[in-house]
Amino acid sequence: MKKIEYIVQREVLDELRLDEVAQKRTWTTKPTLGERLRESLSFSVLKLKQILFSWFPVLGWLPHYPIREYAVGDVMSGCSVGIMHLPQGMAYALLASLRPVFGLYTSFYPVLVYFIFGTSRHISVGTFAVISIMIGSVTERLAPDSDFIVNGTNGTGSVDIDERDAYRVQIACSLTVLTGIFQILLGVVRFGFVVTYLSEPLVRGYTTGSACHVCVSQLKYLFGVTPARFSGPLSLIYTLVDLCRLLPQTQVPELVVSLVALAVLIVVKELNTYYRKKLPLPIPIELIVVSVLHLFTPSHIQPILKAPRVPDATLFSKVIGDAFAVAIVGYAINISLGKTFALKHGYKVDSNQELVALGLSNTVGGFFQCYSVTSSLSRSLVQESTGGKTQVAGLVSSIIVLITVLKIGSLFEDLPKAVLSTIVFVNLKGMFKQFMDVPMLWRTNKVDLLVWLVTFTSTILFNLDLGLAISIGFSMLTIIFRTQLPRYSILGNVPGTELYLDTNTYQEAKEIPGIKIFRSSTTLCYTNAEMYLEVLQEKSGIEIGKLLTAKRKQDAKQKRKQEKERKKAKKQNTNPLITSYFLQDKEKTSGALANGKLSEETKGQENITVISLKETAVNGFSKGQVNRSYHPDTTMSDSDSDTGCHGNEENEEASGSHTQSIILDLSTTSFVDTVTVKTLKNVRVVLSFFISWAIHH
């Protein structure tokens with residue numbers, strides 16, 4: 001293979017020269033505040049059209065919908081997703097501590113709203129296990145069974161289930177409306193970037209921990225027992241302990257039905273996965289199991305669509321924290337799925353419009369007795385894999401749900417909760433697969449692994465709301481620690497290449513004799529400036545503190561020497577300018593004094609700058625001049641030599657090496673604050689002093 005070599009030659013530019021070469025503009029191209037205000041207040045048909053399309057994305061794509069290309073795929077996909085909505089909606093309603101019919105409502109109204117306002121073409125909005133369990137934790141906390149005991153004393157009476165469930169619906173609707181309001185406000189103020197603070201390891205760790213909460217909450221239906229309700233930190237552990245205590249009371253018929261249903265669901269779902277390319281539609285095993293088991297279950301209530309009702313605003317103060325947590329988690333799941341499908345199929349998802357769309361879905365749904373929604377991974381995958389191209393598939397799925405509620409809703413009113421719990425278990429498979437993130441993150445990024453583990457553990461131990469807050473706080477701390485504790489390295493050249501790598505990591509990377517190339521893995525700012533200096537002197541072998549002390553002593557001695565010369569000149573009635581000039585060039589000044597006069601160039605001047613070799617090195621270093629450490633001046637004057645030799649022992653101790661040049665690699669510095677500027681100035685002055693001393697010795 002022919003070896004290719006590249007040689008790059010260009011002028012080294014300082015800031016002033018760069019501005020000259022690149023023709024830096026002296027004016028701004030941004031519109032002024034007045035121009036922006038006039039633009040916002042102006043009106044045109046084109047601007048109105050843009051506003052309508054931005055707020056109602058459906059107007060942009062539905063009029064141009066290619067029926068021949070997309071219709072068949074969207075209808076098939078919509079039917080498949082609609083069939084999944086039915087059992088999942090009812091099963092997830094149990095997680096929210098609501099009756100199954102409210103899960104069907106939640107699978108209908110919000111889907112229609114998202115069809116109008118959403119920008120993703122493939123996600124399936126509706127019930128989701130994590131959001132359902134978050135809603136359920138609030139409804140059970142604010143409406144426990146103990147508040148609805150009737151016909152008894154000391155807690156021995158029965159529970160008024162109808163009254164309890166009605167109040168829980170009010171709580172869920174109020175929480176949902178407040179969640180939607182938060183999301184709409186965040187979308188209006190263009191706060192869609194907030195999801196960037198929820199990293200992928202955080203979201204996946206949180207959903208995995210939430211899946212454990214969902215699983216434990218359904219075990220009571222699987223075994224047919226009624227454990228005590230616990231809240232607060234460690235409630236999941238207490239619930240598991242109580243379930244183990246109640247295992248001898250297991251209802252055998254419910255356990256058998258659950259195990260049979262679970263086995264059938266798992267087998268058929270695996271077959272759906274294995275033959276997904278050959279099957280035109282997945283086998284709707286969940287719906288089949290529900291329908292078959294309904295034959296053995298009486299029903300007496302015909303569910304119908306409810307008229308809209310204003311939620312109880314007095315509950316807002318009790319659920320405001322939970323509403324914000326649900327809003328953030330729901331949006332994070334929704335936008336992550338939306339962007340995944342958008343990247344795969346080559347279109348754009350507007351993060352701010354997604355906030356508005358999800359917020360409107362929750363707000364409108366809350367008025368129709370729905371609870372909070374987000375996108376579901378399992379349904380979204382089915383919607384995409386069965387040929388869905390647009391949200392018309394979502395519209396078809398909502399029509400399937402509507403027909404179910406209006407015509408055959410009684411089939412799904414009184415179902416064995418054990419069967420619905422098995423549906424929940426089977427649909428948690430994807431979340432439990434996220435445990436495989438642990439070995440993958442161990443190999444790739446241990447900091448992300450730590451975020452995943454802390455998120456999962458805090459969600460398990462401190463419940464969903466407090467666990468989320470702890471997770472976000474810890475994730476922010478990792479960013480701070482990465483900035484505060486960066487990796488510092490000395491770079492060396494790999495022989496035969498132009499590569500400069502860490503000498504501690506790469507054996508073939510060798511330092512250039514006399515040159516230290518120092519690099520930090522993160523930006524240099526006020527949080528790590530002091531550490532930067534400490535590691536720099538450790539890696540370079542130069543004790544900056546001692547050099548600063550030596551420099552101050554030398555400056556003080558030089559100042560005293562100049563003052564002494566001035567006083568001596570005054571005593572001899574000599575012009576002090578002669579003394580200053582004498583300090584700069586002893587031989588010239590001696591010649592001038594011998595003749596009894598100064599050159600014509602010095603006459604009439606009031607100030608003469610005294611530049612020692614040390615100062616010359618500083619100026620040359622800052623202006624990008626030739627490194628004098630490779631061109632030592634052999635014609636130093638006696639005064640310069642005296643100055644450089646002073647403090648020789650202290651300077652030798654401070655240097656600790658034969659370093660002649662130090663290069664600071666600041667390629668990772670993305671911004672510069674005042675502390676950084678002062679730090680770099682101190683480094684420049686100290687290193688220039690050290691280089692000046694190295695030249696003399």
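In this predicted model, the count of salt bridges comes to 16. Side chains of opposite charge can pair when their charged atoms come close. One such pair is formed by Arg 17 and Glu 11, whose side chains meet with a separation of 3.1 Å from N to O. Arg 17 counts as partly exposed, at 30% relative accessibility, and Glu 11 is also partly exposed, with a relative accessible area of 43%.

Two further salt bridges join elements of secondary structure. Arg 204 pairs with Asp 437, the closest N and O atoms being 2.5 Å apart; because Arg 204 lies in helix H10 and Asp 437 in helix H20 (residues 437-444), this salt bridge ties together parts that are 233 residues apart in sequence. Within the pair, Arg 204 is partly exposed, with a relative accessible area of 27%, whereas Asp 437 is buried, with a value of 9%. Arg 519 forms a salt bridge with Asp 665, for which the closest N and O atoms are 3.5 Å apart. Here the residues belong to strands, Arg 519 to E7 (residues 515-520) and Asp 665 to E8 (residues 661-665), so that the pair ties together parts 146 residues apart in sequence. Arg 519 is partly exposed, with a relative accessible area of 26%. Besides these pairs, a network of salt bridges links Arg 99, Asp 145, Asp 162, Arg 164, Asp 165 and Arg 168.

Arg 519 also takes part in the surroundings of Ser 489, a residue of strand E5 (residues 488-493). When residues up to four places away in sequence are not counted, Ser 489 touches Asp 502, Ile 517, Phe 518 and Arg 519. Ser 489 counts as buried because its relative accessibility, 6%, falls under the 20% limit.

In soluble globular proteins, nonpolar side chains tend to be buried together. The largest nonpolar core of the model holds 77 residues, of which Met 134, Ile 135, Val 329, Tyr 371 and Leu 428 touch the most other members. Helix H10 (residues 200-223) gives the most to this core, with 8 residues. Apart from the largest core lies another, of 26 residues, which includes Phe 117, Tyr 331, Leu 358 and Phe 474. The contacts of Ile 135, leaving out residues up to four places away in sequence, are with Ala 96, Ala 172, Leu 175, Val 326, Tyr 371 and Ser 372.

A buried position is also found in a loop: Val 349, at 9% relative accessibility, counts as buried, and lies between helix H14 (316-345) and helix H15 (351-367). With neighbours within four places in sequence left aside, Val 349 is in contact with Thr 119, Ser 120, Ile 335, Gly 338, Ala 342 and Glu 354. Of these contacts, Ser 120 is 229 residues from Val 349 in sequence, yet the two C-alpha atoms are 5.8 Å apart in space.

The course of helix H21 (residues 446-484) departs from a straight line. Although H21 has 39 residues, its end C-alpha atoms are only 17 Å apart, short of the 57 Å that a straight helix would reach at 1.5 Å a residue. A bend of about 135° is located at Asn 463. At the N-terminal end, H21 is capped by Asn 445, a side-chain oxygen of which lies 3.0 Å from the backbone nitrogen of Val 447.

Terms used. Residues numbered from 1 in each chain as written. Predicted model: local features only at pLDDT ≥ 70, side-chain atom pairs only at ≥ 80, totals over all residues. Heavy atoms only, no water. Core = buried A, V, L, I, M, F, W, Y, C linked by side-chain atoms within 4.5 Å. Buried < 20%, exposed > 50% of the residue type's maximum accessible area, 1.4 Å probe, protein only. Helix = DSSP H or I, 4+ residues; strand = E, 2+ residues; numbered from the N terminus. Contact = heavy atoms within 4.5 Å. Salt bridge = Lys/Arg side-chain N within 4 Å of Asp/Glu carboxyl O. Expected span 1.5 Å × (residues − 1). Bend = angle between axes of the 7 residues up to and from the residue. Polar contact = N/O pair within 3.5 Å; in protein donor to acceptor, adjacent residues only side chain to side chain.
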